[in-house]
Amino acid sequence: MALMLVKFDLKKRVKLAQTVWFMYWFAVMAGVLVFSMGLFFKIELRKRSELMDNNESHFLPNLLIFMGLVACGINAFGGKVCYDSLDPSKFVKWKPMLKGFLFCCMGFNALLLLTALLCFIMRIPLQFTLAEGLKSGMRYYKDTDTPGRCYMKRTLDLMQIEFRCCGNENYRDWFEIQWVSNRYLDFSAKEVKDRIGSNVDGQYLMDGVPFSCCNPSSPRPCIQHQMTNNSAYYSYDHYTEELNVWKRGCRYAMLSYYGGMMNTIGVLVVLVTMLEVAVTIGLQYIDSSLSTLVNPEDPESESEGWILEKTVKETFTDIMDKMKSMGKGTKVEEGGQAAVATVS
Amino acid sequence: MVLLKIKFTQQRRVHLAQGLWLLSWMAVLWGGVIFFLGVYLKTELLRRAEVMDNTEIHVVPNILMMVGLASICTNWVASRVCQDSMDSTRFPRWKVPLLAWFAVSAVLCCLLIAVVVLSYALQGSLEQSLKVGLRNGIRFYKDTDVPGRCFQKETIDRLQMEFLCCGNDNFKDWFEVQWVSNRYLDFTSKDVKDRIRSNVDGRYLLDGVPFSCCNPTSPRPCLRYHLTDNNAHFSYDYQSEELNLYSRGCRQALTDYYMELMNATGPGVVSVIFIQLSVLLSLRYLQTAVETAMVLEDPEGDSEGYLLEKGVKETIEDLKTNALTILKFGQVDPDAAEGSSEAADIEKDEKDAPPTPAS
């Protein structure tokens with residue numbers, strides 16, 4: 001009892017071949033889409049690699065690029081086979097490798113599904129990478145004269161302006177590091193000496209944030225220095241002040257940006273997987289319908305097509321038996337040789 | 001004598017029709033491109049409409065959109081004429097519409113040239129509009145509690161951050177305006193009272209700028225207040241400090257941006273002019289060649305195509321007389337007596353026509 005048996009005459013076979021050929025071309029474009037999404041994701045990661053301390057994992061975009069290329073190749077080959085299936089003389093040369101090709105396709109589809117799953121899971125390591133990267137990035141904010149780190153200030157400022165965020169978790173992260181370079185501090189001033197003396201590491205800490213944290217929607221000109229001192233400004237209460245600086249931390253902002261991107265890519269890869277499964281099934285029907293011609297000499301005779309020759313259970317037991325017999329076959333040979341050796 | 005005569009065999013006529021069909025579809029495509037360029041330019045102008053005082057500059061994208069649509073229609077008509085030109089039963093119905101088509105096409109080319117000229121000529125008007133708009137924006141920056149003006153602060157802040165500019169001409173424009181709202185000023189403090197008394201209008205002026213003027217590429221954390229006081233900050237010289245704030249004014253920044261946009265559309269517009277002209281000339285040749293072929297005994301034989309049946313001057317004279325005769329049919333006859341100076345033909349017509357009663 002075959003699985004999903006369908007009767008085919010010549011007209012139906014031709015229609016099937018044409019439809020599957022068409023679908024293969026869509027699948028090639030889908031492969032290109034997966035490739036370009038992988039490329040886009042890779043570029044976006046590279047753009048902000050400074051903020052992730054150059055530690056970010058490029059495994060996922062590389063995998064997407066690889067899968068996209070393989071998908072293009074497999075689907076182009078499948079399309080060619082479909083095109084040739086209409087002509088019995090051309091189809092003969094593809095017949096022997098078709099079974100192997102279909103197995104490859106199934107393996108590829110499983111890998112594609114795994115990739116989609118990874119897209120949703122890789123959010124978690126990304127969170128940790130971002131947290132670490134931002135913390136060290138903020139530490140180098142003041143080092144605008146150190147070669148190799150001189151662009152960190154600009155990168156952080158532009159990122160905070162673009163993503164509308166401040167600090168790692170929130171704006172108070174800026175209170176815990178020195179973000180003003182020593183070159184611009186007057187060490188003879190009392191205020192500077194007090195601040196430096198107030199902590200173990202001798203750092204100039206202040207309750208202020210850089211200008212890039214300022215929120216343009218605030219009705220009031222931005223308050224960036226002495227933020228915790230209510231008496232420093234007229235009619236100011238830093239507990240209730242909400243619109244002055246961005247409330248969101250940059251880790252969450254970037255995570256939601258990349259997370260959204262990965263979710264979209266994951267959904268698209270799932271859709272591509274479904275398309276691939278459909279074309280694989282189509283090719284299986286073409287293969288089975290062309291190998292069960294009632295009259296092999298007459299191309300216009302009827303035939304049957306199926307997904308599996310026997311039911312799922314029987315196919316499974318068949319595969320198990322085959323594997324067992326392969327294992328036993330080697331054993332018997334050894335035994336036979338030993339018997340021959342003892343005889344002679 | 002005819003203008004620019006060319007001999008056409010049947011083969012050449014067919015080739016001309018096919019080539020012109022392709023060319024007119026290409027022109028339809030380019031017309032669409034021009035339309036979308038116009039839409040894009042208009043959208044960009046509307047986005048910053050809050051800092052512009054008048055909408056004179058909008059005439060450029062409006063004409064582009066109009067010309068784009070008209071070009072799509074006329075070139076589609078041209079492609080239909082090409083298709084009918086090889087069929088002698090269907091071609092004669094295009095005789096009169098083609099005259100209208102030539103007129104419309106010529107008008108389109110003139111409008112496109114006008115667009116190119118206008119985009120340079122209106123630069124001064126754009127600058128003036130931006131000057132007034134930005135000045136108002138800066139003046140109303142502090143009015144975040146006044147309905148209708150409450151978004152000026154956010155608009156100006158985002159504009160300065162996006163276009164990397166500060167103030168109208170430069171950052172000193174902020175020194176002349178009170179940009180801190182009275183709601184956040186402590187009128188009992190000495191500093192505030194001094195500043196308010198220091199000018200005639202009683203405004204709180206300071207030598208400081210909003211945070212959106214800060215330049216992220218500066219190696220130093222942004223200095224926004226007491227900008228003219230060298231002693232207020234360590235190792236700071238007001239005259240030589242360059243990277244602290246944006247040095248460009250927003251008027252200049254916006255004008256440059258829009259001029260760049262319009263220059264970028266320039267090559268597209270010029271190429272559309274060329275394509276339209278070539279469609280016009282080719283269609284004229286096709287029309288004349290096919291018409292002369294149809295009156296021959298052998299329609300498949302050679303014919304001549306030309307641009308104008310008579311010379312340029314004579315054609316203009318003919319057109320004038322035709323126009324006047326058409327006008328004459330709509331008027332009462334005595335008015336025709338005061339004809340124009342080239343009324344020699346008209347007077348001849350008058351003498352030949354039967355006398356009509358005077359009103």
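Which charged end sits over the ring of B:Phe8? Select B:Phe8 together with B:Arg12 and you have the pair: the charged end of B:Arg12 lies over that ring, 5.8 Å from its centre. Bear in mind as you go round that this is a predicted model.

**Stop 1: the other chain**

Now move to chain A and pick A:Phe8 and A:Lys12. Here the charged end over the ring of A:Phe8 belongs to A:Lys12, and its distance from the ring centre is 5.8 Å.

**Stop 2: along helix α1 of chain A**

Stay in chain A and colour helix α1, residues 10-47, where you will find A:Met23. Show what surrounds this side chain: leaving aside residues up to four places away in sequence, A:Met23 touches A:Leu275, A:Ala278 and A:Val279. Draw a C-alpha to C-alpha distance to A:Leu275 and it should read 8.1 Å, although 252 residues separate the two in sequence. Is A:Met23 buried or partly exposed? With a relative accessibility of 25%, A:Met23 counts as partly exposed, because the buried class ends under 20%.

**Stop 3: aromatic rings**

Next, display the side chains of Phe, Tyr and Trp. Over all chains, the structure holds 25 aromatic pairs. For one of them, zoom in on A:Phe77 and A:Phe101, which meet edge-to-face, with 4.8 Å from centre to centre and 70° between the planes. This pair links distant parts of the chain: A:Phe77 belongs to helix α2 (residues 59-85) of chain A and A:Phe101 to helix α3 (residues 88-121) of chain A, 24 residues apart. Switch on a surface and compare the partners. A:Phe77, at 26% relative accessibility, is partly exposed, whereas A:Phe101 is buried, with a relative accessible area of 10%.

While the rings are on display, select A:Phe41, A:Phe163, A:Tyr257 and A:Tyr258 as well. Ring pairs join these four residues into a cluster.

**Stop 4: where the chains meet**

Bring both chains into view. How many residues of chain A are in contact with chain B? There are 27, and they meet 26 residues of chain B. Between them the two chains bury about 2,400 Å², with 65% of that area on carbon and sulfur atoms. To see the main contributors in chain A, select A:Tyr184, A:Phe211 and A:Pro216: these lose the most area to chain B, together 27% of what that side buries.

Then look at the polar side of this interface. Nine residue pairs are in polar contact across it, while the number of salt bridges found there is zero.

**Stop 5: a lysine with neighbours in both chains**

Centre the view on A:Lys153, in helix α5 (residues 152-163) of chain A. A:Lys153 is buried, at 2% relative accessibility. Turn on its neighbours and you will see residues from both chains: it touches, among others, A:Tyr141, A:Thr144 and A:Phe211, along with B:Asn215, B:Pro216 and B:Arg220. A:Phe211 also appeared at the previous stop, among the residues of chain A that lose the most area to chain B.

**Stop 6: helix α7 of chain B**

Finish in chain B with B:Leu280, which is found in helix α7, residues 250-295. B:Leu280 has a relative accessible area of 18% and is buried. Beyond residues up to four places away in sequence, its contacts are B:Trp101, B:Phe102, B:Ser105 and B:Ala106. For a last view, draw the line from B:Leu280 to B:Cys214: their C-alpha atoms are separated by 55 Å, with the residues 66 apart along the chain.

Notes
Residues are numbered from 1 along each chain as its sequence is written. Chains are lettered from A and ligands numbered from 1 in the order in which they are written. This is a predicted model: local features need pLDDT of at least 70, side-chain atom pairs count only at pLDDT 80 or more; totals for chains, interfaces and linings use all residues. Side-chain values use heavy atoms; hydrogens and water are left out. Rings of Phe, Tyr and Trp (its six-membered ring) pair if their centres lie within 6.5 Å; planes under 30 degrees apart count as stacked, over 60 as edge-to-face and the rest as tilted. Helices (H or I, at least four residues) and strands (E, at least two) are DSSP runs, numbered from the N terminus. Buried means under 20% relative accessible area, exposed over 50%, partly exposed in between (1.4 Å probe, protein chains only). A charge sits over a ring if NZ of Lys or CZ of Arg is within 6 Å of the ring centre and within 35 degrees of the ring normal. Contact means heavy atoms within 4.5 Å. Buried area is the accessible area (1.4 Å probe) that two parts lose on being put together, summed over both. A salt bridge is a side-chain nitrogen of Lys or Arg within 4 Å of a carboxyl oxygen of Asp or Glu. A polar contact is a pair of N or O atoms within 3.5 Å; within protein, one must be able to donate a hydrogen and the other to accept it, and residues adjacent in sequence count only if both atoms are side-chain atoms.
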